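Work through the exercises below with the model open. Try each task before reading its solution.

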Amino acid sequence: MKPPGVFLRFIQSLQSLPGIGKKSAERIAFHILTKPATGEKILHSLEKVLSEIKFCSKCGNITIENLCHICSSHGRDTSIICVVEKPMDVFAIERSNSFKGLYHVLGGLLSPLDNTYPEDINIDSLIERVRTEGISEVIIATNPTTEGEATALYIEENLKDTGVKITRIARGIPFGTDIDFADDLTLTRALEDRQEFKE
Amino acid sequence: MEFLEGITLIVGDNSVGKTNLIEMIYFLSTFGSFRTQITENLVRFGEGFFTLSGTYGGTEVKVKYTGKKEIFIDDSMQKSIKEAFGAIPVVSLTNEDVEIINGGPGNRRYFLDISISLYDRKYLNYLYEYRRAKKQRNKLLLNAKKGGRLGNFELWEKQLIKAIYPIVEARSSFVEKLYLYTREIFKDLTGKTVELEYIPGADYDNIEEEFDKNRQHEIEAGYTLFGPHRDEILFKVGNHQAKEAASFGIKKLLVTSLKMGISRILTETREEEPILLIDEMLGGLDKKNSNSLAEFLRKAKQVLITTTNDDIKYGKDYNRYIIEEKNGTPFVSKCAEKIRTF
Ligand SMILES: [Zn+2]
């Protein structure tokens with residue numbers, strides 16, 4: 001017997017999520033069917049997240065206000081910006097409690113294979129911030145992958161004439177490991193051991 | 001199943017699964033096959049999935065296959081094949097290895113890459129980084145070929161060049177080392193001289209200039225024309241190119257020498273002797289050659305040899321497994337005791 005198409009399409013859409021394979025998708029789908037209250041709860045919070053969460057107009061982090069809680073905080077060191085690929089990286093670094101400055105979320109990495117070029121990620125706004133916000137140091141904390149390195153290099157080349165100090169997080173993070181997967185201690189070390197940018 | 005130290009003969013008729021047995025051991029080291037798609041072969045024995053595990057030198061490797069591979073080393077799950085590769089060191093020698101000499105340059109680069117990865121844990125990362133940077137650079141070359149932009153080309157070229165050096169360094173020092181060992185072993189086996197030469201796929205000392213000079217060529221091609229993906233190794237026996245001039249027997253002894261050379265490199269760099277897996281490779285050698293090879297193998301820590309006849313002399317004593325087919329079951333094994341031959 002074939003399950004109804006609407007149910008199969010639900011399983012398919014779950015499968016498009018990261019880390020969810022066919023088996024997990026089926027398990028989740030059947031679970032929601034048998035426990036409708038769980039489904040309602042997820043539906044409700046999903047709706048709220050989609051309608052209320054937006055990106056900080058300054059740094060690109062997630063927020064429900066115009067500015068995120070980090071940009072609007074008075075307790076941060078506003079002379080340092082840590083540049084990351086995605087909001088989840090902000091989350092990981094905040095959790096490690098090792099950084100008290102501001103962030104800038106690129107929203108992607110340069111990658112011709114994915115048709116992502118400099119104008120497709122938030123690089124111009126970073127240069128603008130460095131020029132106008134009295135920034136003394138920019139830490140580039142993109143992943144140590146081919147794309148992360150190329151993006152770091154591009155940022156460095158474009159910030160050079162602003163005279164700001166540019167550093168790169170240490171490669172304490174093993175190659176291929178995403179920042180959002182690194183443990184707190186590794187992240188703290190990578191930030192502490194950051195070095196002045198050199199090619 | 002447990003294999004004792006020293007030489008173990010795996011004796012059985014063709015198609016009773018002798019090769020499968022040693023291929024499983026190879027799989028636990030490289031998660032791939034030395035002949036076909038092993039994953040499918042293995043699945044036939046289990047029903048759609050399998051768990052395979054093995055222990056060598058105190059390291060346990062376990063592979064669970066349920067549509068995708070999950071790898072555990074000493075019970076801790078590995079993030080990728082890259083991390084787990086070569087945890088158990090293995091060197092295989094099969095009839096197909098003659099393709100290292102006879103086949104195209106891709107065969108020889110694959111041989112280099114697998115061998116280096118078995119002792120240099122970072123090497124697979126280097127290869128991965130290189131391939132990724134090359135793909136990105138190729139995409140821009142192809143863009144330009146189609147009349148599009150070359151946008152920020154130098155960024156990706158820099159990543160590519162950065163990724164080239166560790167590969168070239170690892171390959172050239174490997175070939176140098178392999179040459180020393182192979183020369184000695186090949187001389188012992190055949191009395192002939194052999195030369196190995198690493199032929200770089202670009203002028204790596206002036207790679208920036210080489211890329212600059214050939215920019216237009218590369219755009220016309222739409223992909224990267226120079227680099228480690230064009231590297232070659234040349235084998236010469238007595239001043240002649242082995243591929244063209246050597247007899248089949250000599251080629252067989254040359255790959256045997258290469259594999260035994262790798263075994264020595266692994267022993268030296270990992271301070272741990274690899275398991276030698278030999279699949280039907282010894283047939284067709286003359287008495288003198290097979291004697292000198294047997295002498296070499298007797299010194300190894302653990303050797304598994306598949307064969308259809310167990311009358312080859314490997315020394316005073318060896319272990320033996322006999323594999324038979326019973327009631328259509330792929331392999332039933334019996335008799336694992338040590339047998340004194342003479
Ligand atoms: Zn913000």
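Two exercises follow, one on a helix pair and one on a chain contact.

This is a predicted model: local features need pLDDT of at least 70, side-chain atom pairs count only at pLDDT 80 or more, and totals for chains, interfaces and linings use all residues. Residues are numbered from 1 along each chain as its sequence is written, and chains are lettered from A and ligands numbered from 1 in the order in which they are written.

**Exercise 1.** Describe how helix 1 of chain A packs on helix 2 of chain A.

Solution.
- Locate the helices: helix 1 of chain A covers residues 5-15 and helix 2 of chain A covers residues 22-34. Helices are DSSP runs (H or I, at least four residues), numbered from the N terminus.
- Take the geometry: the angle is about 125° and the axes are 9 Å apart. Axes are lines fitted to C-alpha atoms over the stretch in contact, with angles from 0 to 180 degrees between N-to-C directions.
- Classify: the angle makes helix 1 of chain A oblique to helix 2 of chain A. Oblique is what remains after under 35 degrees (roughly parallel), over 145 (roughly antiparallel) and 65 to 115 (roughly perpendicular).
- List contacts (C-beta atoms, placed from the backbone, within 7 Å): A:F7, A:F10, A:I11, A:L14 and A:Q15 meet A:K22, A:A25, A:E26, A:I28 and A:A29.

**Exercise 2.** Which helix of chain B gives the most to the side that touches chain A?

Solution.
- Count the contact: 14 residues come from chain B and 13 residues from chain A.
- Find the suppliers: helix 6 (123-145) and helix 7 (153-190) of chain B each give at least two residues.
- Pick the leader: helix 6 of chain B, with 8 residues.

Technical notes:
Two residues are in contact if their C-beta atoms, placed from the backbone, lie within 7 Å.
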